[in-house]
Amino acid sequence: MVVALRMWGLHVRDLEQRAEEAERTREEAARARAMEERLRIARELHDSLTHSISVISVQSGVAVHLARKRGEEVPPALLAIQEASTDAARELRTTLSALRSDEDGDCSGLGHLASLVVRARAAGLPVTVTVTGAERALPPAVDQAAYRIVQEALNNVTRHAGLARASVHLHYEPDALSIQVDDDGVGTTSTMSTSSTNTSGSTSAGLGLIGMRERVTALGGRLHAGPRDDGGFQVRAQFPARAK
């Protein structure tokens with residue numbers, strides 16, 4: 001019996017080791033497939049976007065230089081194009097680096113909010129930013145998603161709201177981060193929340209709202225986007241972000 005129990009114990013341990021090895025093999029294979037897909041996406045992004053963004057950046061830079069050389073006032077829209085293309089090239093490089101790396105990297109965060117607001121103002125959109133609560137470092141995924149929500153909301157105001165003003169409000173709570181972006185323009189009439197997938201209105205606005213919803217729900221948050229009672233449009237998001 002002792003020998004039998006001993007043999008049984010060895011057999012059980014051998015099975016456990018095989019199961020652990022099989023699990024490691026599956027995980028390694030899954031990581032390898034994910035890495036291959038990330039490299040493929042990185043190659044496609046590089047081939048399709050890097051050259052175009054570089055051309056826009058170079059041409060806008062040359063136009064700004066020539067205007068200043070002739071003593072002419074540089075149009076604010078041209079400066080906005082130059083700054084946006086430079087920032088887009090930076091974000092693309094960071095994104096490609098993250099895709100090619102085994103580690104996840106944040107391409108942007110609320111630390112870049114000031115430069116985003118400067119670009120929006122240069123493009124002709126008056127923007128105010130208000131921060132309430134105890135500002136603190138956020139989890140990288142929340143930090144990046146929060147920046148993208150504000151970025152997309154301001155882009156939508158610029159594209160669809162006509163002559164408008166926008167306000168951005170960040171509110172830090174002990175266990176959450178709330179974001180609210182309001183504008184007073186004509187806007188779009190579509191409404192979206194995490195419990196609604198209504199994306200009527202322009203295609204680009206609808207896709208932008210869908211992207212916002214996906215970012216928020218992926219992190220366990222809530223999103224509402226729709227017309228305000230007194231005119232304009234509002235995007236409101238809340239992310240769980242417990243303070244450390």
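Arginine 228 comes out as partly exposed in this predicted model, because its relative accessibility is 25%. Its side chain meets that of aspartate 182 in a salt bridge, with N to O at 3.8 Å. Arginine 228 sits in the loop between β5 and β6 while aspartate 182 belongs to strand β3, so the pair ties together parts that are 46 residues apart in sequence. The two partners of arginine 228 are covered quite unlike each other: aspartate 182 is buried, at a relative accessible area of 9%, whereas aspartate 230 is exposed, at 63%. For the bridge between aspartate 230 and arginine 228, the closest N and O atoms are 3.6 Å apart. Put together, Asp182, Arg228 and Asp230 are linked in a network of salt bridges. As a general point, side chains of opposite charge can pair when their charged atoms come close.

The full count of salt bridges is 4. One of them joins the side chains of arginine 70 and glutamate 72, with 3.1 Å from N to O. Arginine 70 counts as exposed, its relative accessibility being 54%, and glutamate 72 is partly exposed at 41%.

Stepping back to the whole chain, there are 5 helices and 6 strands. Read from the N terminus, the elements follow the order α-α-α-β-α-β-β-β-α-β-β. The chain has 244 residues, and buried ones make up 33% of them. Its accessible surface is about 14600 Å², with 56% of that belonging to carbon and sulfur atoms. Contacts reach well along the sequence: of those between residues at least 6 apart, 67% join residues at least 24 apart.

Next comes the nonpolar interior. The largest nonpolar core holds 35 residues, and the ones with the most contacts inside it are Leu110, Val127, Leu154, Leu177, Ile179, Val235 and Phe239. Both helices and strands feed this core, with at least two residues each from α3 (113-122), α4 (140-160), β2 (166-173), β3 (176-183), α5 (203-218), β5 (222-227) and β6 (233-240). The biggest share is that of α4, which gives 9 residues. Leucine 154 shows what the packing looks like at the level of one residue: once neighbours within four places in sequence are set aside, leucine 154 is in contact with Leu116, Leu125, Val127, Ala166, Val168 and Val181. A second core, separate from the big one, has 5 residues, among them Ala42, Ala89, Leu92 and Leu96.

Helix α4 also gives a handy check on geometry. Its 21 residues should span 30 Å at 1.5 Å a residue, and the C-alpha atoms at its ends are indeed 30 Å apart, so expectation and model agree. Just past the end of α4, glycine 162 takes a positive phi of about 70°.

Not everything tucked away is nonpolar, and helix α3 supplies an example in arginine 119. Arginine 119 has a relative accessible area of 11%, under the 20% cut-off, and therefore counts as buried. What surrounds arginine 119? Beyond neighbours within four places in sequence, its contacts are Ala80, Glu83, Ala84, Asp87, Tyr147 and Gln151. One of these contacts, alanine 84, is placed in helix α2 (residues 76-100). Alanine 84 is partly exposed, with a relative accessible area of 36%. The C-alpha atoms of alanine 84 and leucine 116 lie 8.7 Å apart in space, although the two residues are 32 places apart in sequence. Leucine 116 has already come up, as one of the contacts of leucine 154.

The N-terminal end of the chain brings a surface feature. Val3, Met7 and Leu10 make up a nonpolar patch there, with about 300 Å² of accessible area together. Valine 3 is part of helix α1 (residues 2-69) and counts as exposed, given its relative accessibility of 62%. A helical rule is worth recalling at this point: an α-helix has 3.6 residues a turn, so residues three or four places apart point the same way.

Note on methods. Residues are numbered from 1 along each chain as its sequence is written. This is a predicted model: local features need pLDDT of at least 70, side-chain atom pairs count only at pLDDT 80 or more; totals for chains, interfaces and linings use all residues. Side-chain values use heavy atoms; hydrogens and water are left out. A nonpolar core is a set of buried Ala, Val, Leu, Ile, Met, Phe, Trp, Tyr and Cys residues joined through side-chain atoms within 4.5 Å. Buried means under 20% relative accessible area, exposed over 50%, partly exposed in between (1.4 Å probe, protein chains only). Helices (H or I, at least four residues) and strands (E, at least two) are DSSP runs, numbered from the N terminus. Contact means heavy atoms within 4.5 Å. Accessible areas come from the Shrake-Rupley method with a 1.4 Å probe; for residues, only the protein chains shown count as cover. Patches are made of residues with over 30% relative accessible area and no salt bridge: like charges are joined within 9 Å, nonpolar side chains (Val, Leu, Ile, Met, Phe, Trp, Tyr) within 5 Å. The expected span of a helix is 1.5 Å times one less than its number of residues.
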